[in-house]
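Got your viewer open? Let's take a short walk through this fold, one selection at a time.

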Amino acid sequence: MSATTPLNDEMLRHRLDGALAQVNGVLLGKPRQVKLAFTCLIAGGHLLLEDVPGVGKTTLAHALAATFDLEFQRIQFTSDLLPSDIIGVSVYERETGQFRFHPGPIFTSLLLADEINRATPKSQSALLEAMAEGQTTVDGVTHELPRPFFVVATQNPLDLAGTFPLPDSQLDRFMLRLSLDYPDPAAERALLIGEDRRELMASLKPRLDVAAIGQLHAAAQAVKVSSSLLDYLQALLTASRKHNEVRVGLSPRAGLALLAASRAWAMISGRDYVIPEDVQTVFVPTAAHRLVPGRGSHREAIARAILAETAVP
């Protein structure tokens, strides 16, 4: 790595590289998506994986949990899922004459919300406070969630029967939205003749831990951002709000997410400063799902157009 890397701890850098290599060894042919998933986790965000079934969305979540040594819980979202099934419930205990809170599966470090758009809006909303503030409130009592708290949600964009599209307020809680897509021929051949995925997952070893995540997060926050780079970032935000195919552009919260993701991507890339290419790399995954387009317009196409039309200062 260059001398400008914000990770002065070479051992931590070595562990980070090993973690990337391990996940790439499970999710074949997707180095960019894996690096973006690491970017999201290190930046303190949440990740939305939107794609057809069978391309590795759940595998990626499991691999991240194993590699970062995070406590893992999975919730299969269905139409009959209740908020209490996610958050937990207070149960009256006759022996003590008091209610005792029984935590739900949300009390974990990495939560896989599988097929999140199959649950009703009421159940989806159970995640809003948790994802925004790292806490949840039951019967007027606030309960802190573990640190870190990282949500990986999946949804299938093709099967709309029996689904409830995520509202914009829920989409805004996700720092990045990724599509894994089908593997290229070489990666698919290696997948077909390689080790069974379940056996491979069982062999994964922790490469990082909670303390290391904290160090990486601090290193990402320390990455320098020049005034001209901030001008470019603000120009992208302004362009999204003035684009003729967008009804609602990017919010200030989206701008903060874009900045955090750019810093984390730069740090993982071995630099202690952000360059325009960092912003360009994370812009579409950060911005597309947050845009509210006009009728007939596609969010990702608009985000790409905004990126192409906005000049670097």
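Which residue in strand 8 is the bridge partner of Leu47? Select Leu47 and look across to strand 8: the partner is Val152. Keep in mind as you click around that this is a predicted model.

**Stop 1: strand 1 and its two neighbours**

Now select all of strand 1, residues 47–50, together with strand 8, residues 150–155. These two run parallel, and 4 bridges join them. Next, add strand 9, residues 176–178, to your selection. Strand 9 also pairs with strand 1, again running parallel, this time through 3 bridges. To see one of these links, pick Leu48 and find its bridge partner in strand 9, Arg177.

**Stop 2: a loop residue**

Stay around strand 9 and select Asp172, which sits in the loop between helix 7 (168–171) and that strand. Is Asp172 buried or exposed? Asp172 counts as buried because its relative accessible area is 14%, and the cut-off is under 20%. So who touches Asp172? Skip the neighbours within four places in sequence, and you'll find Ser251, Arg253 and Arg290 in contact with Asp172. Show those three side chains to see what surrounds it.

**Stop 3: rings that pair up**

How many aromatic pairs turn up in a search of the whole structure? There are 3, and we'll visit two pairs here.

Begin with Phe38 and Phe68, a tilted pair: the ring centres are 5.0 Å apart, with 55° between the planes. This pair links distant parts of the chain, since its members are 30 residues apart. Phe38 belongs to helix 2 (residues 31–43), while Phe68 lies in the loop between helix 3 (57–67) and strand 2 (72–76). Both Phe38 and Phe68 are buried.

Then jump to Phe101 and Phe107. This pair is edge-to-face, at 5.8 Å centre to centre and 65° between the planes. Phe101 has 17% relative accessibility, so it counts as buried. Phe107 is buried too, because its relative accessibility is 17%.

**Stop 4: charges over rings**

Two more selections and you're done. Pick Lys35 and Trp265: the charged end of Lys35 sits over the Trp265 ring, 4.2 Å from the ring's centre. Finally, select Arg271 and Tyr273. Here Arg271 lies over the face of Tyr273, 5.9 Å from the ring centre. Try turning the view until you look straight down on each ring.

Definitions and conventions. Residues are numbered from 1 along each chain as its sequence is written. This is a predicted model: local features need pLDDT of at least 70, side-chain atom pairs count only at pLDDT 80 or more; totals for chains, interfaces and linings use all residues. Side-chain values use heavy atoms; hydrogens and water are left out. Two strands pair if DSSP finds at least two bridges between them. Buried means under 20% relative accessible area, exposed over 50%, partly exposed in between (1.4 Å probe, protein chains only). Contact means heavy atoms within 4.5 Å. Rings of Phe, Tyr and Trp (its six-membered ring) pair if their centres lie within 6.5 Å; planes under 30 degrees apart count as stacked, over 60 as edge-to-face and the rest as tilted. A charge sits over a ring if NZ of Lys or CZ of Arg is within 6 Å of the ring centre and within 35 degrees of the ring normal.
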